[in-house]
Amino acid sequence: MTRLWVTMALAALVVATGVVLSVPKAAAATGNATGYASQNGGTTGGAGGQTVRATTGTQIHAALCNRASSSTPIIIEVQGTINHGNTSKVSGGSCNTADGVIELKQISNVTLVGVGTGALFDQVGIHVREASNIIIQNVTVRNVKKSGSPTSNGGDAIGMENNVRNVWVDHVTLEASGGESEGFDGLFDLKNNTQYVTLSYSILRNSGRGGLVGSSESDLSNGYITYHHNLYQNIDSRAPLLRGGIAHTYNNHFLSINDSGINSRAGARVRVDNNYFQDSKDVLGTFYTSAAGYWQVNGNVFDNVRWSSPGGTTNPAGPNPTSNTSVSIPYSYSLDPANCVPGVVAQTAGANKGNRVSDGSCTPQNPDPGNPGNPDPGNPDPGNPDPGTPGGTNLSLSGDSDGSSKASGTSYGNVRDNNMNTYWSPTGTTGSISIKWSSATTVSKINIREAAGATGRIGSYRVLNADTGAVLASGNGAGVISFPATSVRKITFEITSASGTPQVAEYETYAS
């Protein structure tokens, strides 16, 4: 299979109408379950239960095992990096855990939510099995392997199987560094009687396989799955693969799908509403089988999508996709116009985005600065942009600047000229820009301001003390970033992923 090893650039898309974003109130898990996870009695996770903080995988397991029963509600707030070195089996009457994987097995009524400086599951997968009423929110899971070393969860970032009901996965980032030949499997797999699941406001990227519903043509017991406001980027196939059952995919951005996207087969029926498909191949149809699936299409945009000729086990829906079934949706939902989807998703999807959501409109409006949506208001995240504007003097105006590269027509100095009409861009989608002074200067906040027409492009970043190489903060998106006051001669803002060529109009620095 064709695979791109670096994240593809998002072509510039200027949406004249902009986007409206709203921010849920700060809480251990924000918002209410949407889509099919809101059906069958709803999904509330550990609401009403004890709140426990965990900084290791073993502590997550201990929190589950210390409950009165396997159904006692619990909210587990996770901060820090979960890896094989700190994830061990814990025994107890209310849990069934294992080494090297987060086991949500034979349990119910659990919320697992990233807080504070963020939750990273590094090469450790999250396994939901024989479980119900589960919420997973605001976490990053990366590079989970099924072969090589170390292995976890069969190679799935998040996997569900064996009689699972009502799971809401929201504002997560799931990523790999290749495909099956490199030891990875799916990012989001559901099988063996898993039903009433929603994946929302999440990023799935850089993987051979996005995810599946049903492990084989005979595993048709799964269904009632909603996918909305997600970014599928640089995925070879299974975005998602559906075997039987009913699914609803709306307001997702599919970018650089290399081989096939929504693969409806073996009688599956999927409603496909107001998605944006871009720079991709065969984004909808039945592929690699003669067992047909079905789709209803409404309001989608197909931007530079390549379609194969039908024949054999290849049955693409395009080049002019039309519906071949009808799918009735039992819950209410608000659709963003498809042209707005890339901008909406860039600003909302993924972990550490303040759990921002869209209200279905495209009128420009900033999130409520008095309600930033930090899941842990008592322990603010120093790596997350703060919508408030810093006070005091912009120290950049008295400094100098340099960077890793600059695109034609841009300048390093444009980020400190107090002019939002000029900007710096790297030569690609990633790069760094620095502010420097002739003597040590104390900095505790920076404000990265994107140029008009380029807002929301900056993805993940790091802020570095360029004198020592120390990471002062990391996160996603432009805006105000706070960190402990540091004396530096040079401070670097490094863009490590983006949904297009970044345009930094101003890089402001403040003492407080």
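**Salt bridges, burial and cavities**

Visitor: Which residues are linked in a network of salt bridges?

Guide: In this predicted model, the residues K146, E180, D185 and R209 are linked in such a network, and the structure as a whole holds 15 salt bridges.

Visitor: Why is the pairing of E77 and R53 called a salt bridge?

Guide: The term asks for a side-chain nitrogen of Lys or Arg within 4 Å of a carboxyl oxygen of Asp or Glu, and because the N to O distance between E77 and R53 is 3.1 Å, the pair meets that condition. E77 belongs to strand β3 (residues 74–82) and R53 to strand β2 (residues 50–54), so the salt bridge ties together parts that are 24 residues apart in sequence.

Visitor: What makes E77 buried or exposed, and what makes R53 so?

Guide: Buried means under 20% relative accessible area, and E77, at 11% relative accessibility, therefore counts as buried. R53 stands at 35%, which lies between the 20% limit and the 50% above which a residue is exposed, so R53 counts as partly exposed.

Visitor: How do you know that D122 and R142 form a salt bridge?

Guide: Their closest N and O atoms are 3.1 Å apart, and since the limit is 4 Å, the pair qualifies. D122 in strand β5 (residues 108–122) and R142 in strand β8 (residues 140–142) are 20 residues apart, and the pair links distant parts of the chain. With a relative accessible area of 17%, D122 is buried, whereas R142, with 30%, is partly exposed.

Visitor: What makes K436 and D402 a salt bridge, and which strands hold them?

Guide: The side chains meet at 3.0 Å, N to O, which is within the 4 Å that the term allows. K436 lies in strand β30 (residues 431–450) and D402 in strand β29 (residues 400–403), 34 residues apart. K436 counts as partly exposed at 27% relative accessibility, while D402, with a relative accessible area of 18%, is buried.

Visitor: Why is helix α2 called largely enclosed?

Guide: Seven of the eight residues of α2 (residues 341–348) are buried, so the helix is largely enclosed by the rest of the structure. The buried residues are V341, P342, V344, V345, A346, Q347 and T348, and the helix is followed by G350, whose phi is positive, near 105°.

Visitor: How many cavities of 30 Å³ or more does the structure hold, and what lines the largest?

Guide: There are two cavities of 30 Å³ or more, and about 180 Å³ of space lies in the largest. The largest cavity is lined by 21 residues, of which I203, L231, A346, G459 and S499 lie nearest its centre. Helix α2 gives the most to this lining, with three residues, and the lining of the largest cavity divides into 10 nonpolar, eight polar and three charged residues.

Visitor: What makes E175 buried or exposed, and which cavity does it line?

Guide: E175, found in strand β11 (residues 173–178), has a relative accessible area of 17%, and because buried means under 20%, E175 is buried. Leaving aside its neighbours within four places in sequence, E175 is in contact with T140, V141, R142, N143, L187 and R205. E175 is one of the residues lining the second largest cavity, and D185 is another. The second largest cavity has a volume of about 30 Å³, and its lining has five nonpolar, four polar and three charged residues.

Notes:
Residues are numbered from 1 along each chain as its sequence is written. This is a predicted model: local features need pLDDT of at least 70, side-chain atom pairs count only at pLDDT 80 or more; totals for chains, interfaces and linings use all residues. Side-chain values use heavy atoms; hydrogens and water are left out. Helices (H or I, at least four residues) and strands (E, at least two) are DSSP runs, numbered from the N terminus. Buried means under 20% relative accessible area, exposed over 50%, partly exposed in between (1.4 Å probe, protein chains only). Contact means heavy atoms within 4.5 Å. On a 1 Å grid over the protein atoms alone, a cavity is a set of points where a 1.4 Å probe fits but cannot get out, and a pocket is an open set with protein on both sides within 12 Å along at least five of seven lines; lining residues have an atom within 4 Å of a point. Grid points are joined across faces, edges and corners, and a volume is the space filled by probe spheres set on the points. Ala, Val, Leu, Ile, Met, Phe, Trp, Tyr, Cys and Pro count as nonpolar, Asp, Glu, Lys and Arg as charged, and the others, Gly among them, as polar.
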